[in-house]
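Q: Please take a close look at the salt bridges in this model. Where do they sit, and what surrounds them?

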Amino acid sequence: SPVLACLGLGTKMALLKGGALYPYVELMGSDAGRPLAQLVVNACKTGDHAELGITAGALSSLAATDNSLNSLCARCVPGLVNMLEHGEIEMKEEAAHALKYFSIISFNMKVQIAEAGAFRPLVNVLGDGTPRAKEGAAGALWRLVSMMNESNIEVNISTKKAADLVVMLHASNPEGKEAAAGVLRLVAYNDANKLSIMRARAVEPLVDLLESQHPEVKEQAIGALNAIVADKENRKRIVRAAEQVDRIVALQSQPATANPQLAALLEYMMYDVYDMRRESIAESNGDAGPSTDTAHDDNGNVTAAAALGGYGAAASDGGPAPVGQEELNK
């Protein structure tokens, strides 16, 4: 390592690009921070994205234990955001993963990523990126939304953007599923967001993830479902619906056959809550009338359409548009 320390910055960067990244970082520790950061900055300027995500990951690992490297990481962020927004497909993949790694470093780094304008391009990648790019973007967004929650900044999500996360719940790798469920968990404490999430059909895949072999995925799925059903004003109604869920699960010999009915009941429960609220508002305005509820019949039973996820209201992207300081649909 004394010999390596004497090398010029350009030579160190050449070693890293030549395949010596891991042994170099292991030998040099925090001293590897400067050439790593310069590689990231140069890659963003030239578009040479090869192993950009891995390089940023190595730098973030060092910065997580050495605060003196945070300023080096901050220098990289604007270029990564620009690459994410304007780069080619593979560039966006690498930039998304680089931002995901940087978002792990510290609270202040999350703030710097958000202030650099990363929120909008990350959200856009959820809709039109490759599967790998989506996984990186969801991981970064998960941590940015966490930072915003800690800062008491309201985050709102549209049905369309919730649906992008639901696609990941179905088809992503375990890391992507964990991040997607994590984002839904964080935004589901807002009533308007709950409705968007249910319209996006998030409940059933979240229930399916309760059987995941990956504990971290299961933990986020449980948290998301708990957040979706949390409602202090209608606790008795929720407890009653939960009892119905328990009965259905007890009657099923195979969890796979119980899941669709369990998911339908959870959705029925929440739509019932919102129907009751609408009726209350209508009564207070002197305009009481019958509510429209396609989730259950006149006797309170879950309909076949509901069990199959066929809500008329949920099939469209209508309803009140989410509003707030930050929006996942912009």
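A: The model is a predicted one, and a search through the whole of it finds four salt bridges.

One of them pairs Arg 132 with Glu 94, with 3.2 Å between the closest N and O atoms. Arg 132 belongs to helix α9 (residues 131-150) and Glu 94 to helix α6 (residues 89-102), so this pair ties together parts that are 38 residues apart in sequence. The two partners differ in their surroundings: Arg 132 is partly exposed, at a relative accessible area of 33%, whereas Glu 94 is buried, at 12%.

Helix α6 also takes part in another bridge, between Glu 175 and Lys 100. Here the closest N and O atoms are 2.7 Å apart. Glu 175 comes from helix α11 (residues 174-187) while Lys 100 lies in α6, so the contact links parts separated by 75 residues in sequence. On the acidic side, Glu 175 is partly exposed, with a relative accessibility of 42%. On the basic side, Lys 100 is buried, with a relative accessible area of 4%.

A further bridge stays inside one helix. The side chains of Lys 161 and Asp 164 meet at 3.7 Å, N to O, which falls under the cut-off of 4 Å for a salt bridge. These residues are three places apart in helix α10 (residues 159-171), and so about one helical turn separates them. The spacing matters because an α-helix has 3.6 residues a turn, so residues three or four places apart point the same way. In general, side chains of opposite charge can pair when their charged atoms come close. Lys 161 is buried, with a relative accessibility of 9%, and Asp 164 is buried as well, at 12%. Salt bridges with shared partners also join Glu 93, Glu 94 and Arg 132 into one network.

The backbone has some points to check alongside these side-chain pairs. After α9, the helix that holds Arg 132, comes a loop leading to β1 (155-156), and Asn 152 is placed in that loop. Asn 152 is not a glycine, yet its phi is positive, at about 60°. Its side of the picture is open: Asn 152 is exposed, with a relative accessible area of 70%. A comparable backbone value occurs at Arg 201, another non-glycine residue, where phi is positive at about 65°. Arg 201 sits in the loop between α12 (191-199) and α13 (203-208). Arg 201 is partly exposed, at a relative accessible area of 24%.

Helix α3 can be set beside the helices that carry the bridges. Helix α3 covers residues 33-46, has 14 residues and reaches 20 Å from its first C-alpha to its last, close to the 20 Å expected at 1.5 Å a residue. Ten of its 14 residues are buried, so α3 is largely enclosed by the rest of the structure. Among the buried residues of α3 are Leu 36, Leu 39, Val 40, Val 41 and Cys 44. Gly 33, Pro 35 and Gln 38 also belong to the buried set. Just after α3, Gly 47 takes a positive phi of about 85°.

Notes:
Residues are numbered from 1 along each chain as its sequence is written. This is a predicted model: local features need pLDDT of at least 70, side-chain atom pairs count only at pLDDT 80 or more; totals for chains, interfaces and linings use all residues. Side-chain values use heavy atoms; hydrogens and water are left out. Helices (H or I, at least four residues) and strands (E, at least two) are DSSP runs, numbered from the N terminus. Buried means under 20% relative accessible area, exposed over 50%, partly exposed in between (1.4 Å probe, protein chains only). The expected span of a helix is 1.5 Å times one less than its number of residues.
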